[in-house]
Amino acid sequence: MFQDVIVAALFRTFHARVDDALLDRAARDAGAASAIGRLSLLSDALVAQAIATLRLAPNETLLDLGCGRGFLARWLRNAGMSADYVGIDRIPEALGAARAMLGDDPRARFVEGDYRTYRATPVDAIAALEVTGDGAIDAPLLDAIAANLRPGGRFVLTVASLDDRNAPRRAEANAALRARFARSDIRDATVEAADFAQRFYGAMLAIDGWDPSIAPRMAAQANEVCNAIAAGSFTYAIVSGTR
Ligand SMILES: C[S@@+](CC[C@H](N)C(=O)[O-])C[C@H]1O[C@@H](n2cnc3c(N)ncnc32)[C@H](O)[C@@H]1O
């Protein structure tokens, strides 16, 4: 719990000081045609694959757990996909940035909350992009998805692991998924995510204008991920399914 408080304080500082125009530039320089900044290692192609698994119809509602600065809402709008969108995050500064970029969209709403306790009218589809820690397809996230998804609703979550010893064991993860969902699939996307991560972090580190109070942490994270990729211990999974 104390750890939670420290991590949240670090994230609040990061979100208060990071510049979305620079994140967008890093995404563009890394080869993302959307030029939309993200806090994940998903290339545009991987986001497109993840979202395709949701089979979103125009009038459906999509819940984005751990929405951060509104990357997915911006990406969907850029792709011309319309859905009623609700983003949940526990960092108010991240939501402030999301509202500043998407506040003009009457179909996009951002709510401050913890997905572990968030419960509302069940929706048609749920996304959770890189929301859990190292390698975890954890029970609280799966419970939140199951509780907030209507029967027949679809979900997709992505999870990165820097140490393959933490990567979810297939059998364990499949059992946790089968206990809650009618259908599920785990797709390995390590090669694609590693390729984009290297380009994205390279582009980020080449940019000069980051706030000096957050630049060292960004560089440390970039190095940690790139070292894990070089050591062959990085893995990435896209998990999708139907309730
Ligand atoms: C790595 S960022 C990814 C953000 C976004 N999905 C994206 O792709 O740009 C993880 C996000 O999950 C949020 N998060 C983590 N645990 C959460 C929780 N229990 N409840 C709500 N948000 C959470 C963090 O605040 C952070 O914004």
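This is a short talk that walks through one protein model and the ligand it holds.

Okay, hi everyone. Before anything else: what you see above is a predicted model. I'll start at the ligand, then go to the packing inside the protein, and finish with a few single residues.

So, the ligand. There are 16 residues around it, and the ones that come nearest are G66, D89, D114, Y115 and L129. What kinds of residues make up that shell? Seven are nonpolar, four are polar and five are charged.

Let's look at some individual atoms there. The side chain of D114 has an N or O atom 2.9 Å from a nitrogen atom of the ligand. With Y115 it's the backbone: one of its N or O atoms sits 3.0 Å from a ligand nitrogen. L39 also uses a backbone N or O atom, and that one lies 3.2 Å from an oxygen atom of the ligand. How much of the ligand's accessible area does the protein cover? On its own the ligand has 600 Å² of accessible area, and the protein covers 91% of that.

Now the inside of the protein. As a bit of background, nonpolar side chains in soluble globular proteins tend to be buried together. Here, the largest nonpolar core has 56 residues, and L62, F110, F234 and Y236 touch the most other members. Which helix gives the most to this core? That's α8, residues 190-206, with eight residues. Then there's another core, apart from that one, with 25 residues, including L157, V159, F181 and V239.

Let me stay with Y236 for a second. Beyond its close sequence neighbours, meaning residues up to four places away, Y236 touches quite a list, including L41, L42, E130, V159, R187 and A193.

One of those, E130, is worth a stop. E130 is in the loop between β4, residues 123-129, and α6, residues 139-148. Its phi is positive, about 50°, although E130 is not a glycine. Why point that out? Because most residues other than glycine have a negative phi. As for accessibility, E130 is at 22%, so it counts as partly exposed, given that buried means under 20%.

R55 does a similar thing. This residue has a positive phi of about 45°, and again it isn't a glycine. You'll find R55 in the loop between α3 and β1, where β1 is residues 61-65. Is R55 buried or exposed? At 54% relative accessibility, R55 counts as exposed.

R55 also leads us to two buried residues that touch it. The first I'll take is R154, in strand β5, residues 149-161. R154 is a charged residue, and yet its relative accessible area is 5%, so it is buried. What does its side chain find in there? A polar atom of the R154 side chain lies 2.7 Å from the backbone oxygen of L54. Leaving out neighbours within four places in sequence, R154 is in contact with residues including T53, L54, R55, E60, D124 and T242.

And T242 is the other one. T242 is in strand β7, residues 235-242, and at 8% relative accessible area it's buried. Its contacts, again not counting residues up to four places away, include R55, G152, R154, F155 and F181.

Next stop, D44, which is in helix α3, residues 44-52. D44 has a relative accessibility of 15%, so it counts as buried. Its side chain has two polar contacts I want to show you: one of 2.9 Å with the side chain of R38, and one of 3.3 Å with the side chain of W75. Outside its sequence neighbours within four places, D44 is also in contact with A32, A33 and S34.

Last bit: helix α2, residues 20-29. Which of its residues are buried? They are D20, L22, L23, D24, A26 and A27. Those buried residues pack against α4, α5 and α8, and α8 is the helix we met in the largest core. At the N-terminal end of α2, D19 acts as a cap, with a side-chain oxygen 2.8 Å from the backbone nitrogen of A21. After the helix comes G31, with a positive phi near 100°.

That's my tour, thanks for listening!

Technical notes. Residues numbered from 1 in each chain as written. Predicted model: local features only at pLDDT ≥ 70, side-chain atom pairs only at ≥ 80, totals over all residues. Heavy atoms only, no water. Near = heavy atom within 4 Å. Polar contact = N/O pair within 3.5 Å; in protein donor to acceptor, adjacent residues only side chain to side chain. Areas by Shrake-Rupley, 256 points an atom, 1.4 Å probe, with all protein chains shown as cover. Helix = DSSP H or I, 4+ residues; strand = E, 2+ residues; numbered from the N terminus. Buried < 20%, exposed > 50% of the residue type's maximum accessible area, 1.4 Å probe, protein only. Contact = heavy atoms within 4.5 Å. Core = buried A, V, L, I, M, F, W, Y, C linked by side-chain atoms within 4.5 Å.
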